Structures are given as C-alpha cells and as structure tokens.
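Work through the exercises below with the sequence and the 3D structure at hand. Try each task before reading its solution.

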Amino acid sequence: MPSQRVYFPNSKGDRLAGIVDLPSEDPVGFALFAHCFTCTKDLKAIVRVSRGLAKQGIGVLRFDFTGLGDSHGDFSESNFESNVSDIHSAANWLSENHQPAAMFVGHSLGGTALMSTMNRMDSARSLVTLASPANTHHLVDTLLRLNPNIEKDHEGEVVIGGRTHLIKTQLLQSLRRQQMKPLIESIQIPHLVLHSPDDEMLAIQHAHDIFEMSGGYKAFVTLPGSDHLLVNQPEDVGFVSNLIASWGKRFM
C-alpha cells in the first residue's frame with residue numbers, strides 16, 4: 001500500500017504538507033482527512049484510520065494545517081477561517097492530482113471546520129465527524145482556562161499534548177464569531193457522527209447536538225471506553241476505519 005508525501009500552497013502561499021495513502025488497486029474514491037486542533041497528520045490514530053481506509057480501496061489525503069507538523073506558516077496567525085481555507089487548498093490539490101474528494105473525514109475541530117464548509121464542497125458525497133464539537137465557543141473557554149492572561153496580554157502560551165503553542169486574541173475572536181448551528185443544519189449529504197461517551201476532552205452532548213442539527217441522512221455511533229485521541233483502546237481505530245469505509249463506500 002503506497003504512501004506519497006505531497007506539498008501544496010495555502011491561500012497565502014505557505015507550503016502545506018500532506019500524505020496520500022493509496023490502495024494497492026485503483027481507488028473506488030478519495031477522502032480528505034482534517035486533523036484536530038494543534039494535532040498533525042501524523043497522529044497515530046489518523047495514520048491508522050487513513051491506512052485502514054486505503055486497505056479497503058479508498059485513497060486518503062491527510063495534511064497538516066498551517067504552522068503545524070511539516071507545514072509552513074505561523075500557527076499563531078492561523079484561525080478557524082484559515083483552517084477552512086486550508087481544507088479548500090487541500091481539496092483543490094486532490095482534485096487536480098487524483099480526483100475530487102467524495103468523502104470528508106474530520107477529527108475534533110477538523111470535523112467542525114468541515115461542517116462549516118460542506119455546502120461549498122460540490123464533490124462531497126459523505127461526511128464523517130469524529131469527536132467533533134458542535135460549536136467553536138467551548139475551545140475559547142478551554143484556552144482561557146489554560147492561560148487566563150491571553151486576552152489581557154493579547155497573546156499567551158498554552159501547553160496542549162505536551163507541546164507549547166502561542167495563542168493570540170485573533171484566534172479567540174475567530175472562534176467566538178462562528179455560528180455553527182445554521183451551517184450544520186444546511187448539511188444535506190450523508191453524515192456519520194462518531195463520539196465516545198467517555199471522551200475526557202469533549203462531552204458527548206456535542207455529538208448529540210450535531211446529530212440533531214445535521215440536515216440530511218445521518219448515523220450516530222458511540223465508542224464506549226475510548227478517549228478523545230483514540231489512544232487508550234487501540235482496537236477502536238480498526239473498528240472506526242472499517243466502519244467509515246463500509247458506510248462511506250456506498251455513497252462514492
């Protein structure tokens with residue numbers, strides 16, 4: 001099963017990095033994978049899900065958002081809007097070099113960014129959100145809990161996943177101005193919602209809210225005992241990739 005390292009520009013000209021996981025045979029279709037806040041394309045669960053989809057015939061482009069992983073740019077200057085723009089840059093690259101993405105998969109905030117732009121993705125045939133928030137306002141509360149001085153000082157450092165990141169007030173402002181409800185309600189393609197009732201970072205109520213709001217055909221699957229990053233129960237990753245592939249291929 002071959003993997004290809006690829007690069008493409010974002011809207012500002014910064015070089016974004018991605019990896020395309022390809023099936024051994026001609027793909028039945030392609031998926032685009034958007035990672036979680038401050039994560040990278042190389043998060044163990046993302047790698048295993050992407051490769052699991054490839055084993056079942058689905059090509060996957062997973063990429064790093066601006067300033068994260070192997071992508072260039074300044075993370076502290078990125079925000080929700082730039083994440084959405086990066087998704088479009090990745091989707092354009094996939095269309096030009098392979099074929100348009102039929103499936104979009106997002107983990108945590110990556111899934112929320114996908115939900116905000118599905119009505120602008122003409123190629124989208126299905127959407128999968130994994131442990132994704134129903135709104136962006138909760139992340140503001142989390143960041144301010146990690147460093148209450150961000151707003152007073154206009155910036156501040158936070159430690160997430162053992163890594164230090166500089167957060168500026170422009171990110172908080174970006175997260176506060178997002179109104180996700182009408183965007184989720186406008187989703188008309190098939191939507192698979194995955195979440196653990198034991199998620200220690202994001203309450204499963206977010207998944208219930210997404211399921212209730214999403215406007216098209218939809219399915220909701222819980223992952224009992226799993227954590228937010230799918231680390232503590234490694235077998236869940238295989239289940240998730242098999243489920244996404246079996247469910248999503250019918251819409252390709």
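**Exercise 1. The sheet**

Task: Give the order of the strands in the open sheet and find which strands stand at the edges.

Solution:
- In this predicted model, the open sheet has 8 strands in the order S1-S2-S4-S3-S5-S6-S9-S10, and the pairing is mixed.
- S1 (3-9) and S10 stand at the edges; each has a single partner strand, so one side of each lacks a neighbour in the sheet.
- On average, neighbouring strands are turned by 20° against each other, direction ignored.
- At one edge, S1 pairs with S2 (residues 15-21) over 7 bridges in the antiparallel sense. Ser3 stands opposite Asp21 in S2.

**Exercise 2. Helices on the sheet**

Task: State which strands H1 and H3 lie across.

Solution:
- H1 (residues 44-55) lies across S2, S3 (29-34) and S4 (58-63), and runs at about 155° to S4.
- H3 lies across S3, S5 (103-107), S6 and S9, and its angle to S5 is about 140°.

**Exercise 3. Two helix pairs**

Task: Decide whether H2 and H3 are roughly parallel or roughly perpendicular to each other, and do the same for H4 and H6, choosing between roughly parallel and roughly antiparallel.

Solution:
- Two packed helices are described by the angle between their axes and the distance between the axes.
- The axes of H2 (residues 80-97) and H3 cross at roughly 75° and come within 9 Å. Angles of 65 to 115 degrees count as roughly perpendicular, and H2 and H3 are therefore roughly perpendicular.
- In H2, Phe80, Asn83, Val84, Ile87 and His88 meet residues of H3, including Leu109, Ala113 and Thr117. This contact has 6 nonpolar, 5 polar and no charged residues.
- H4 and H6 (residues 169-177) pack at about 150°, with axes 7 Å apart. Angles over 145 degrees count as roughly antiparallel, and H4 and H6 are therefore roughly antiparallel.
- His137, Leu139, Val140, Leu143 and Leu144 in H4 meet Leu171, Leu172, Leu175 and Arg176 in H6. By class, there are 7 nonpolar, 1 polar and 1 charged residues.

**Exercise 4. The buried side of H8**

Task: Find which residues of H8 are buried and explain why they are on the same side.

Solution:
- The buried residues in H8 (residues 205-213) are His206, Ala207, Ile210 and Met213.
- They cover an arc of only 135° around the axis, which puts them on the same side of H8.
- An α-helix has 3.6 residues a turn, so residues three or four places apart point the same way.
- The buried residues of H8 pack against H3 (109-117), S6 (126-130), H4 (137-146), H7 (180-185), S9 (191-195) and S10 (218-222).

Definitions and conventions
Residues are numbered from 1 along each chain as its sequence is written. This is a predicted model: local features need pLDDT of at least 70, side-chain atom pairs count only at pLDDT 80 or more; totals for chains, interfaces and linings use all residues. Side-chain values use heavy atoms; hydrogens and water are left out. Buried means under 20% relative accessible area, exposed over 50%, partly exposed in between (1.4 Å probe, protein chains only). Helices (H or I, at least four residues) and strands (E, at least two) are DSSP runs, numbered from the N terminus. The arc is that of the directions from the helix axis to the C-beta atoms. Contact means heavy atoms within 4.5 Å. Axes are lines fitted to C-alpha atoms, for helices over the stretch in contact, and angles run from 0 to 180 degrees between N-to-C directions. Angles under 35 degrees count as roughly parallel, over 145 as roughly antiparallel, 65 to 115 as roughly perpendicular and the rest as oblique. Ala, Val, Leu, Ile, Met, Phe, Trp, Tyr, Cys and Pro count as nonpolar, Asp, Glu, Lys and Arg as charged, and the others, Gly among them, as polar. Two strands pair if DSSP finds at least two bridges between them.
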